[in-house]
Each structure stands twice: as C-alpha cells, then as structure tokens.
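Please open the structure in your viewer and keep the selection tool at hand, since each stop of this tour begins with something to select.

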Amino acid sequence: MKFDILFVTYNSSKWIRSLVESIAASDYDLRDLTLIFHDNASTDDSVERLLEAKAQYGARFGGFIVDAGKKNVGFGAGNNLAASLGENEYLFIFNVDTKMHTDTLKRLEEEILGSDPSVGMWELCQKPYEHPKYYDPLTGYTSWCSGACMIVRRQIFEELGGFDKNIFMYAEDVDLSWNFRKHGWNLKYLWNVEIDHYSYDPENLLKPIQFLYSYLNNWYLRAKYGTFRNFLGGFMIFQRIPRHGAYLPEGTSEEVRQTVLKEARKVFIPSCFKFFFTWLKNAARHGDFHPVFRWIDYEAQGTGAFTLYPPCDDGPLVSIVIRTMSRPEALREALYSVRQQSYKNVEAVVVEDGPADSEEMIRREFPDLRVNYVALGENQGRCKAGNIAMSRAKGKYLNFLDDDDMLYPKHVETLVGFLERENAWAAYAGAFESRIDVLSKKPYSYQVREVQSVCTQDFTEEEMLDTNFIPIQCLMFRREIFEELGGFDTTVETFEDWDLWTRYSMKYPFLRVDKTTSVFRTPYDPQVFEARKAVIERTRPYLMEKFEHYKAGDLRAEIPGLERK
C-alpha cells in the first residue's frame, strides 16, 4: 500500500528532524512512501532544514518533495497544494509537530485493508493526549476526524475539492469530514494505531489564534451546513468576543486577551456578511445530512483529555460480569468490547437468566475470549443472576457490564492500573450515555439519536445517597468487597446497582478516574423512557429507607423487617 504523506510547515524548524527520523525508522517499506512538504513562507529556517532532511533521508523514500510557498495560505490550502504534487491512492495528512511509532504504518495498512469499503477517512490515536470525542466502540465510526493525523482516499478527496479554501486554520478538518459524510462516506477512528503529537506543551495551553478561530470557524460551519437558527446561534456566540473578550479562561494574561480582542474586532463585521451569504448559498443543499453543533464542539466530549495515566499492560485478573437473558444479538456487542480490551488478563463471566440461548453464539464467535458461562435454566431475576456471576468470578477485580452496553478498549487498563497504583478498593470512570431507537431485535439494529457525557463528578456520600450517578459499568472494585458485604438485594427489581454502590461506599472509598471509558444505552423514545422511569421510581422510597440503615452501620444486603411497599 502506497501513501503520500502530506505536511504543511510554517516556522516549524524545531520539529522537522525528529519527524523525518521517526518516519525513516518505520517498520514499513519506505519506497512506498512519498513525503510531501508544503512550506507556508516560513520566516525561520524551515525550508533549509527540510532540504537537509531530504539530502540525508530522501533516497530511502519513494519520493521526498519540498514545495516552498511564497505566502502563507493556511493549513487546508497548503495540504491541497501538497496533495496536488503526489499520485498515490492514500493521502496521510500529518501535523509536523508529531512523531510516528515504528509500527504506525504497518498497523494502519492492516486497518485500512480490514475496513468496510464505505470508509473513506481514518483518524489515528494521538498520544499523549487522546482526543476525548465520542466514537462508536463497535464500528469505530466517528463524526469527524482530526487533521493532525487523518488518512483519506485520494479519489474522494479530489472529487470533493479537498479542504475548503475559505478556512485558513482550525475546523478545516471538521469541514472535510462533514463533506465526506454528506456524500455517504463513513469515518473511522483507529484507537490502536498511535502517533505522538506535541501540540500542547504544556498541557491545555491556550493558543490565542486557535481560541479565536475555533469560535469563528464554528460560526462559518453553522452557516455552511446548518439551519438559519444554527447560523444565528453562531453569531450570538461569537459577537461576545470582540465586545467583552468572552469565554477566555480565568487567568488569561492581558497580552493574550488584547491579541484576541484585536483580531476579533478586525474580522467580526466582514464575517457577518460573508457567513450570511454562505448560509443563503448552501441552505437547501444538504439533503439528509444534519450535523450536530454543541456550542463550539461538533461531538459529545468525554472527560480527561489532558489527564495522563501510565500504561498498564500486565496485572491481576479482572472479571467482567455480564447478566443476560435470551439476547445473544445484543450480548455479541458487549463481548466484542471485552475482547477489544488493551488489557488482556480478563475473563467474561456471563450468567444467562434463563435457557442457554447465547451459548452457541459465544462458542462460535468468541473462542479466543476467556468466557465463564452458565445458564440458569429458569428466570431467577437480575439480582440473583448478578450474585451468581460474582460468586463464579475469579478476578481480583470485578466490573459489571450490561449486555447492551460497551466498554472502550482502554477501560480495563485505565481502571485496574489506577487501582493497583493507588492500592485502592474501588474506582469509577466517566461514560457516554447513548440514547437510541431500537429498530430491530433480530438482527440487533438501532439508531443513536443523542449522546451526552455523564458520571463526571467527584464522589461524595451526599451525592451517592441522593442520585444513582455511577452507571453500573463505570465502577471496578475488589472482589473482597463482595465477599465481605454480599451482593445485590434480590428483593428489588431496579436500582440494584445504586443500592450496591451505596452499601459498598459506606465502608470503602470510591475514587474517581478522570477519563471517559464506556458507553451505556438508554431508550430515546419519550414514552419508553417515561415508562421505564416510572418503574424505577417505585423502588426509590424503599431504598431511601435502606440508606438510613446503611448510615447507621447496618450494611446487610437485605434488612429483616424492611419490606417493599
């Protein structure tokens, strides 16, 4: 597989040598790579450093092109010019402040070859700060790809005209991604193909131009792809910047503030007219494509973007506890997410609350996964099934996973690594709540209608007593807690996890890990949602009474004399 690897440089001298060295060290046939650099009229010695790198390494590659531009045309237009100088089937658009790993290209080729033909764009995982946006943990599909490390099919890129020349910098990657999606192509995030990206040094550093143009280009994309209400919303958001310097983080220096204000006032009035005519031109051209605007974001954002946790590749056995009942189609996705874990010392403890309807599927499709499966024959209830599963688990740590939910690949690694380093008893991470419409149960098919980030607050006893805020798959805990305090209260039909977490947390501290690591699904249909809520609320009074016993030190799962009403 041959790649044209595109770079746009502007006063990038300090990055060039380490970047080229990292590519030259790749475990890949360098003759299948053409490196194409377009320089945006740098005022430092970037071009000289590029020519030195070409002289030293150029003969190893299939091509090494240095295109010295006479003016700064921006990131998108620079990449368009670089792309025009190559001919390979795949374009790898790559920031200059990056390094490849030795296996990046080899893994990338494997993923491209294994992708569905409907995929037209791929995004790599950036280290040390992985992008926190939501993606589908089953397919890897995402709503947009970062221009720091994206791969596109050249034919589609050229057919769609490449990057929008009206975007000088920032959000041009979102625009290109949306243009691909608008024309029916899927975008895929590759969590296991990594590069190093040094964009934020120090972490979470505020860049004035990035700050301003993130807001300005969000307004432009609202004009280009959205409704008039979207366009007007962009105007209302942006107009506060030139007037008040709004949205700048607390502690921003006066120098940075003045830089932002000056540039914002310069572009505000021209943008009003330009973006309005952009909306008029594009208002009726989007068909069924309706992107989501979340303030200035374009997708739900998880937590922990700038929180680093050391890798944990090896450690004690972790038991993923799954209760199911005659839903092999849904269970398949949950088990797939267990198999995808980067941390491999896991077992899936599956208890089927009824006949063995999932046994054949598990045996046929997951022979490589350590599965501890049992079917109860007759329905005994979710709580009894959960207690049986915990009793069968062999891991040092237990982690529940409902059969219609999924874990991201780093979920187990993140939590078990944290628990081991902190010598802690229980820890929880954040999650995405995905509200879905189920279209079919066989085959299992659904449409994601809405996504939001949840379980983002630190633990307090008051919060735990008031709200069931920790979804069941978010928390990992030592098996010893179950052995000491018991399992679910088998007299309840809902909120069994809230009851369990409240009881456990009364004796053992729950620590929060600042990272979003899972997805759980809830019904989008308002009628289904309200019916489910009504069932749940019937249990609340009983639990409130139980919690008073817990606060008094009685931590039994089922308290004699306390009856459901």
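**Strands and helices**

Begin by selecting V119, whose bridge partner in β8 is N186. This is a predicted model, in which local features need pLDDT of at least 70 and side-chain atom pairs count only at pLDDT 80 or more, while totals for chains, interfaces and linings use all residues. Residues are numbered from 1 along each chain as its sequence is written, and side-chain values use heavy atoms, with hydrogens and water left out.

Widen the selection to β6 (residues 119-127) and β8 (residues 186-197), which run parallel and are joined by eight bridges; strands here are DSSP runs of E, at least two residues, and helices are runs of H or I, at least four residues, numbered from the N terminus. Two strands pair if DSSP finds at least two bridges between them.

Next, show the open sheet of eight strands, ordered β3-β2-β1-β4-β7-β6-β8-β5 with mixed pairing. At its edges lie β3 (63-68) and β5 (98-100), each of which pairs on one side only.

Now add helix α1 (residues 13-24), which packs on the sheet and touches β1 (3-9), β2 (33-39), β3, β4 (90-94) and β5, where contact means heavy atoms within 4.5 Å.

**Cysteines**

How many disulfides does a search of the whole structure find? The search finds zero, a disulfide being a pair of cysteine sulfur atoms within 2.5 Å. Select C145, which is in no disulfide, the nearest cysteine sulfur, that of C149, being 8.7 Å away. C145 counts as buried, because its relative accessibility is 0% and buried means under 20% relative accessible area (1.4 Å probe, protein chains only).

Methods. Buried means under 20% relative accessible area, exposed over 50%, partly exposed in between (1.4 Å probe, protein chains only). Axes are lines fitted to C-alpha atoms, for helices over the stretch in contact, and angles run from 0 to 180 degrees between N-to-C directions.
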